[in-house]
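I opened the notebook for a new model today. The plan is to look things up one at a time and write down what I find.

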Amino acid sequence: MGPTDRALFLSLKPAFADLILDGKKTVELRKVRPRAAAGALAIVYASTPVRAVVGTCAVADIGQERPGVIWKLHGSRTGLRSQDFDEYFDGRSTAVAITLVAPRRLDEPLPLKALRSGPHGFSPPQSFRYLTSAQAAALVPSEWAHHLKRCAGLVSDRVAVAAGS
């Protein structure tokens, strides 16, 4: 599966969504590893109280390892304190780190009401879900078009997809 086959729809707390879109948080943590190709578009949804799609970025890499290793490799880029990280992964043998690049904030957020009532017709997940290329193009058409150009090497914020980027 390539980077243009589907998108990753990420639900985040608004503070973390802002940090990602500001480029200050480059690693998103999850307990379950998503199956997304390097270079895939990630659609950023800010949960309550914002409740809107607020931007996009691209998946550079997804790593899975013991929590201590993930913290050592990525802790400073997660937007979390060590204590919060430990609480989040308490009792877990593995942690997932999604490295995100090329953040882009939408000019106009797409509110939850539009997601539910429009042709998209879905509710945001608690963690993540996959969107087909057609769903992503319908949801954020200009961002999907930019993503396709990026993958083709036609825009300057091209994603480095090598492992460890």
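**Entry 1: strand β3.** Which residues of β3 are buried on one side, and which on the other? I checked both faces. Leu41, Ile43 and Tyr45 are on one side, and Ala42, Val44 and Ala46 are on the other. All of these are buried, so both faces of β3 are covered, given that buried means under 20% relative accessible area. The count for the strand agrees: six of its six residues are buried. I kept a general point in mind here: side chains in a regular strand alternate between the two faces of the sheet. I also note that the model is predicted.

**Entry 2: the whole chain.** I stepped back for the overall layout. The protein chain has six helices and six strands. Along the sequence I read the pattern β-α-β-β-β-α-α-β-α-β-α-α. The chain has 165 residues, and 42% of them count as buried. I then looked up contacts between residues at least 6 apart in sequence. Of these, 75% join residues at least 24 apart.

**Entry 3: β1 and its partners.** Is β1 enclosed or open? Six of its seven residues are buried, so the rest of the structure largely encloses β1. I looked for its pairings next. β1 runs antiparallel to β6, residues 128-132, and five bridges join the two. One bridge partner in β6 is leucine 131, which goes with alanine 7. β1 also pairs with β3, in the parallel sense, over five bridges. I located two positions in that pairing. Leucine 8 stands opposite alanine 42 of β3. Leucine 12 has alanine 46 of β3 as its bridge partner.

**Entry 4: the β3–β4 hairpin.** I followed β3 on to β4. The two strands pair in the antiparallel sense over six bridges. Leucine 41 stands opposite alanine 58 in β4. Together β3 and β4 form a hairpin, with five residues between them.

I then went through the loop. Proline 49 lies there, between β3 and β4. The peptide bond from threonine 48 to proline 49 is cis, with omega near 10°. Arginine 51 lies in the loop between β3 and β4 as well. Its phi is near 50°, a positive value in a residue other than glycine. I marked both entries for a second look. The general background is that most residues other than glycine have a negative phi, and most peptide bonds are trans.

**Entry 5: alanine 102.** Where is alanine 102 found? I traced it to strand β5. Alanine 102 has a positive phi of about 55°, although it is not a glycine. I checked how accessible these two positive-phi residues are. Alanine 102 has 17% relative accessibility, so it counts as buried. Arginine 51 is partly exposed, with a relative accessible area of 41%.

**Entry 6: nonpolar cores.** How many residues does the largest nonpolar core have? I found 18. Leu10, Val44, Val54, Val59, Ile98 and Leu100 have the most contacts inside it. I sorted the core by element. β1 (6-12), α1 (14-21), β3 (41-46), β4 (52-65) and β5 (95-111) each give two or more residues to this core. The largest share, five residues, comes from β4. Another core lies apart from it, with 16 residues. Leu41, Leu106, Leu110 and Leu115 are among them.

Val44 and Leu41 are worth a cross-reference to the first entry. Val44 is one of the residues with the most contacts inside the largest core, while Leu41 belongs to the other core. In β3, Leu41 is on one side and Val44 on the other.

**Entry 7: the largest pocket.** I finished with the pockets. The largest has a volume of about 310 Å³. It is lined by 13 residues, and the closest to its centre are Lys13, Phe16, Glu28, Leu29 and Tyr88. Which elements supply at least two residues each to the lining? I listed β1, β2 (27-30) and α3 (82-88). β2 gives the most, with three residues. I also split the lining by class: five residues are nonpolar, three polar and five charged.

Notes:
Residues numbered from 1 in each chain as written. Predicted model: local features only at pLDDT ≥ 70, side-chain atom pairs only at ≥ 80, totals over all residues. Heavy atoms only, no water. Core = buried A, V, L, I, M, F, W, Y, C linked by side-chain atoms within 4.5 Å. Buried < 20%, exposed > 50% of the residue type's maximum accessible area, 1.4 Å probe, protein only. Helix = DSSP H or I, 4+ residues; strand = E, 2+ residues; numbered from the N terminus. 1 Å grid on protein atoms, 1.4 Å probe; cavity = no way out; pocket = protein on both sides within 12 Å on 5 of 7 lines; lining within 4 Å. Points joined across faces, edges and corners; volume = space filled by probe spheres on them. Nonpolar A, V, L, I, M, F, W, Y, C, P; charged D, E, K, R; others polar. Pairing = 2+ DSSP bridges. Contact = heavy atoms within 4.5 Å.
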